[in-house]
Amino acid sequence: MGQATAQLWGVVASEPRINAVGGSNVLRLSVATDEGWGERKVTTWWSVELWIKSDQEKRLNYLSHALGKSAKVFATGYPCLRSYTDANGHERQSLELKRADVQVIVPAPKEQEVTQPRRTEPELYDESLPF
């Protein structure tokens, strides 16, 4: 019997963390997915884990920059519910996407782009038009 897979469309919520494990690098990041609108909007937080072989240095370099905070991504992997006890002794659970494959839909903005708001909607009224 096969293992379940999950697909996520979401926004990266934190800068990626990279750890070397054996002959691979593990890139971990938080991804937020939303469901619903307005007051009924629910955000689900996922811990996404990518394994990148150490000989794929170009891929690791690209992903570590493109997957910064506020990047939009599509991720496919194996969902896992992990239980743990937090620092205050409370039982918690987290959703994880293991051995994920991530496609960058919109890369994280560069630092200078973050400080300057982007105009995303076209101007509805153009005063230079004669009508």
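Modeller: Strands, as named here, are DSSP runs of at least two residues marked E, and they are numbered from the N terminus. With that in hand, Ile105 can be placed in strand S6, which covers residues 91-106. The model is a predicted one.

Biologist: How many helices and strands are there in the protein?

Modeller: The protein has 2 helices and 6 strands. Along the sequence these elements come in the pattern β-β-β-β-α-β-β-α.

Biologist: What share of the residues counts as buried?

Modeller: The class depends on a cut-off: a residue is buried when its relative accessible area is under 20%. By that rule, 28% of the 131 residues of the protein count as buried. The accessible surface of the protein amounts to about 10,100 Å², and carbon and sulfur atoms account for 51% of that surface.

Biologist: Among contacts between residues at least 6 apart in sequence, what percentage joins residues at least 24 apart?

Modeller: In this protein, 57% of such contacts join residues at least 24 apart. An example of a residue with contacts beyond its sequence neighbours is Gln7 in strand S1, residues 6-12. Once neighbours within four places in sequence are set aside, Gln7 is in contact with Phe74, Ala75 and Thr76. The C-alpha atoms of Gln7 and Pro79 are 9.1 Å apart in space, although 72 residues separate the two in sequence.

Biologist: Is Gln7 buried or exposed?

Modeller: Gln7 counts as exposed because its relative accessibility is 57%, and the exposed class begins over 50%.

Biologist: Which residues does Asn25 touch, beyond those up to four places away in sequence?

Modeller: Asn25 belongs to strand S3, residues 24-35. Its contacts of this kind are with Ile18, Asn19, Ala20, Leu50, Trp51, Ile52, Ser54 and Leu60. The relative accessibility of Asn25 is 13%, so Asn25 counts as buried.

Biologist: Let us turn to strand pairing. In which sense do S5 and S6 pair, parallel or antiparallel?

Modeller: In a regular strand, side chains alternate between the two faces of the sheet. Here strand S5, residues 72-85, pairs with S6 in the antiparallel sense, over 13 bridges. Within S6, Val102 is the residue that Ala75 stands opposite. The hairpin of S5 and S6 has 5 residues between its strands, and Gly89 in that hairpin takes a positive phi near 85 degrees.

Biologist: And over how many bridges do S4 and S6 pair?

Modeller: S4 and S6 pair over 3 bridges, in the parallel sense. Trp46 stands opposite Leu95 in S6.

Biologist: How many salt bridges does the structure hold, and how is one recognised?

Modeller: Side chains of opposite charge can pair when their charged atoms come close. The cut-off used is 4 Å between a side-chain nitrogen of Lys or Arg and a carboxyl oxygen of Asp or Glu. The structure holds 7 salt bridges. One of them joins the side chains of Glu49 and Arg28, with 3.4 Å from N to O. This pair links distant parts of the chain, with Glu49 in strand S4 (residues 42-53) and Arg28 in strand S3, 21 residues apart.

Biologist: Which accessibility class does each partner of that pair have, Glu49 and Arg28?

Modeller: Glu49 is buried because its relative accessible area is 10%. Arg28 has a relative accessible area of 27% and is therefore partly exposed.

Biologist: What is the separation of the closest N and O atoms between Asp34 and Lys41?

Modeller: Those atoms are 3.6 Å apart, and Asp34 forms a salt bridge with Lys41. Asp34 is partly exposed at 48% relative accessibility, and Lys41 is partly exposed at 46%.

Biologist: With which residue does Arg92 form a salt bridge?

Modeller: Its partner is Asp86, the closest N and O atoms being 3.0 Å apart. Arg92 counts as partly exposed at 40% relative accessibility, whereas Asp86 is buried, with a relative accessible area of 19%. Elsewhere, salt bridges that share partners join Arg28, Glu49, Arg82, Glu96 and Lys98 into one network.

Biologist: To return to Ile105, which residues make the nonpolar surface patch of about 310 Å²?

Modeller: A residue enters a patch only when its relative accessible area is over 30% and it has no salt bridge. In this protein, Trp9, Ile105 and Val106 make the nonpolar patch of about 310 Å². Ile105 counts as partly exposed because its relative accessibility is 42%.

Notes
Residues are numbered from 1 along each chain as its sequence is written. This is a predicted model: local features need pLDDT of at least 70, side-chain atom pairs count only at pLDDT 80 or more; totals for chains, interfaces and linings use all residues. Side-chain values use heavy atoms; hydrogens and water are left out. Patches are made of residues with over 30% relative accessible area and no salt bridge: like charges are joined within 9 Å, nonpolar side chains (Val, Leu, Ile, Met, Phe, Trp, Tyr) within 5 Å. Accessible areas come from the Shrake-Rupley method with a 1.4 Å probe; for residues, only the protein chains shown count as cover. Helices (H or I, at least four residues) and strands (E, at least two) are DSSP runs, numbered from the N terminus. Buried means under 20% relative accessible area, exposed over 50%, partly exposed in between (1.4 Å probe, protein chains only). Contact means heavy atoms within 4.5 Å. Two strands pair if DSSP finds at least two bridges between them.
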